[in-house]
Each structure stands twice: as structure tokens, then as C-alpha cells.
Amino acid sequence: MIKLTEINKIYRTNEIETVALENVNLEVEKGEFLSIMGPSGCGKSTLLNIVGLLDAPTSGIIEIDGTRTDGMKDKELAAFRNKKLGFVFQSFHLINSLNVLDNVELPLLYRKVSAKERRRLAEEVLAKVGLSHRMRHMPTQLSGGQCQRVAVARAIIGNPEIILADEPTGNLDSKMGAEVMELLHQLNKEDGRTIVMVTHNEEQAKQTSRTVRFFDGRQVE
Ligand SMILES: Nc1ncnc2c1ncn2[C@@H]1O[C@H](COP(=O)(O)OP(=O)(O)OP(=O)(O)O)[C@@H](O)[C@H]1O
């Protein structure tokens, strides 16, 4: 489902060169729930951004669902990302001026989906994350756990096969974090979605199907 071959990422500023990823080879099978762990600064977010096609590697090959992404133009890349991938971030990334329904519908605005169908799908995914009763609320009127569930609904509305989650429970207390994790497991087990999640939480990592660990930009396990 995801194949990374000899990925390197070097950040260059005027004076400093940071090797964020060094010769990373990683394959994620369809239906896997992979967790990525490692100390701060070891390259976890960089890796997730590269898998998510939000950032390009300095060298190496990315294949998603059998398609190589190098050589794709920006527009093509954006369309491919929109179709294949759903994102969940630590800080939710909701738009505070839009209500819950409008936030969830956002990924479909870039596709040719009628307003009526967008609404129907948004209501469906909000029911799935248990937030049917909060559809007209603004993000500022929700708890952190509810915000993250809205973000999960937004991530799945386009029916992506892959969900990328960067410390999805990092800003939540343990109870809300557990709810979000349960939701991710449900999306993995019941819907068969492939999930790649960065986490600092050993307990959460233990519950995933596989953990890879990084240290200083290199995969160590
Ligand atoms: N835009 C950038 N420009 C320069 N260096 C960067 C940039 N982004 C990340 N880095 C560096 O690349 C390395 C890897 O960063 P990354 O954010 O991927 O780490 P991380 O493992 O996700 O850390 P954390 O757990 O703290 O979020 C770090 O040394 C960081 O300082």
C-alpha cells in the first residue's frame, strides 16, 4: 500500500544542514496499523509528511497503492493526495470560523460532489464518530476530544484507504485520547483502512499491528 525506497531528507538553511531522514526503506501493507516512535527530532513528522506527499524527499522513491509519486506535477499530487490520504494532526487543524459540518465537508470541495451529497456524506461520517448532535457547533464550542473526532470525520469523508495521524492524542487527556484511539482502531479493523500513526505513547503503540522506531533519522527497529 505504501512503499518507501531509500528515502533521504536533508534540510538546508544558509549555514546548517540537517539530515532528517537517512536511507529509509519502509513498506506498509494494506490494512496494517503502523506506529512510528522515537525521540523528539528523530524525523517522525518529516517521514509522515513525506508519506503524505506534503513534503518531497531530497532523494528516494515513494509508491502509494502501486503508483510512483515522483514526477507528478503539484496539481496531480494534490488530487492524488486528496483521493488516497486522510490526515489527522495533533492540533486538529480545524477552521474555527466554520461549523462542524462545513469543516468535515472541506475535502469534498476539491472534488465534483454536489452540495446535497456533501451534506449527506458529512452527516454519515459525523454519525460514525458519534457527533451527530454537534453538527452545528463551532470548533471553539467543542472539547479537545470532540475536535479530534471532527478531524477524523474530515479525514475519512473522502473515503481514503490510508489515514496518516501525527500524534493524534498528543493534546488530549487520557480519557479523550482513548476514545480517539478506539475510533482509529475501528476504522482500521472494521473499514480496513491502513493507518500510519506517530506516537510517543508506548501503550498505544503496543495496540497497533507493528511499530517502527527511529533514531537520528534512521530506522533502528
Ligand atoms: N523545515 C525545516 N527546516 C530545517 N530543519 C528542519 C525542518 N523541519 C524539521 N527539521 C529538523 O529535522 C529533524 C527532524 O524533525 P521532525 O520534526 O521530523 O522530528 P520529530 O521526530 O517529528 O520530532 P517531535 O517528536 O519533536 O515532533 C529535526 O532535527 C528538525 O530540527
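**Strand positions, the ligand shell and helix packing**

In the model, which is predicted, F215 is located in strand β9, a run covering residues 210-215. F215 counts as partly exposed because 14 other C-beta atoms lie within 10 Å, a number between the limit of 12 or fewer for exposed residues and that of 20 or more for buried ones. When residues up to four places away in sequence are left out, F215 touches G38, P39, C42 and V220. Two of these contacts, G38 and C42, also belong to the group of residues surrounding the ligand. The C-alpha atom of F215 is separated by 9.4 Å from that of L21, although these positions lie 194 residues apart along the chain.

The confidence values apply to the model as a whole. The protein has a mean pLDDT of 95, and 100% of its residues reach 70 or more. For the complex, the predictor gives an ipTM of 0.96 and a pTM of 0.94. According to the UniProt record, an unreviewed entry, residues 2-221 carry the feature "domain: ABC transporter". Within this span, 35% is helix and 27% is strand, and the C-alpha atoms at its two ends lie 18 Å apart.

The surroundings of the ligand were examined next. The ligand is surrounded by Y11, T13, T18, A20, G38, S40, G41, C42, G43, K44, S45 and T46. By residue type, this shell is made up of three nonpolar, eight polar and one charged residue. Strand β2 (17-28) and helix α1 (44-51) each supply at least two residues of the shell. The largest contribution comes from α1, with three residues.

Strand β2 also holds V24. V24 is classed as buried because 22 other C-beta atoms lie within 10 Å, and the threshold for a buried residue is 20 or more. Leaving aside residues up to four places away in sequence, V24 is in contact with L4, I7, L47 and Q219. The C-alpha atoms of V24 and V104 are separated by 33 Å, with the two residues 80 places apart along the chain.

A further buried strand residue is V196, which lies in β8 (residues 194-198). Its burial follows from the count: V196 is buried because it has 25 C-beta neighbours inside 10 Å. Beyond residues up to four places away in sequence, V196 touches V28, L34, I36, L48, V51 and L164. For V196 and L48, 148 residues apart along the chain, the separation of the C-alpha atoms is 7.9 Å.

Among the helices, α5 (144-156) was examined for its length and its cover. Its 13 residues reach 19 Å from the first C-alpha to the last, close to the 18 Å expected at 1.5 Å a residue. Most of α5 is covered, with eleven of its 13 residues buried. These buried residues are Q146, C147, Q148, R149, V150, A151, V152, A153, R154, A155 and I156. Their cover includes strands β6 and β7 together with helices α3, α4 (115-128) and α6 (174-189). In α3 (100-109), the buried residues are V100, N103, V104, E105, P107 and L108. They pack against α2 (74-84), α4 and α5. As a general property, an α-helix has 3.6 residues a turn, so residues three or four places apart point the same way.

The loops on either side of α5 contain residues with lower burial classes. S143 is placed in the loop between α4 and α5. S143 is exposed because 12 other C-beta atoms lie within 10 Å. The C-alpha atoms of S143 and L172, 29 residues apart along the chain, are separated by 9.3 Å. N159 occurs in the loop between α5 and β7 (162-166). N159 is partly exposed, since 13 other C-beta atoms lie within 10 Å. Its phi is positive, at about 55°, although N159 is not a glycine.

A positive phi was also found for H93, another residue other than glycine, with a value near 55°. H93 is situated in the loop between β6 (85-89) and α3. With 12 C-beta neighbours inside 10 Å, H93 is therefore counted as exposed.

Methods. Residues numbered from 1 in each chain as written. Predicted model: local features only at pLDDT ≥ 70, side-chain atom pairs only at ≥ 80, totals over all residues. Near = placed C-beta within 6 Å. Helix = DSSP H or I, 4+ residues; strand = E, 2+ residues; numbered from the N terminus. Nonpolar A, V, L, I, M, F, W, Y, C, P; charged D, E, K, R; others polar. Expected span 1.5 Å × (residues − 1). Contact = placed C-beta atoms within 7 Å. UniProt positions renumbered as here; feature names shortened; annotations may be inferred. pLDDT = per-residue confidence, 0-100.
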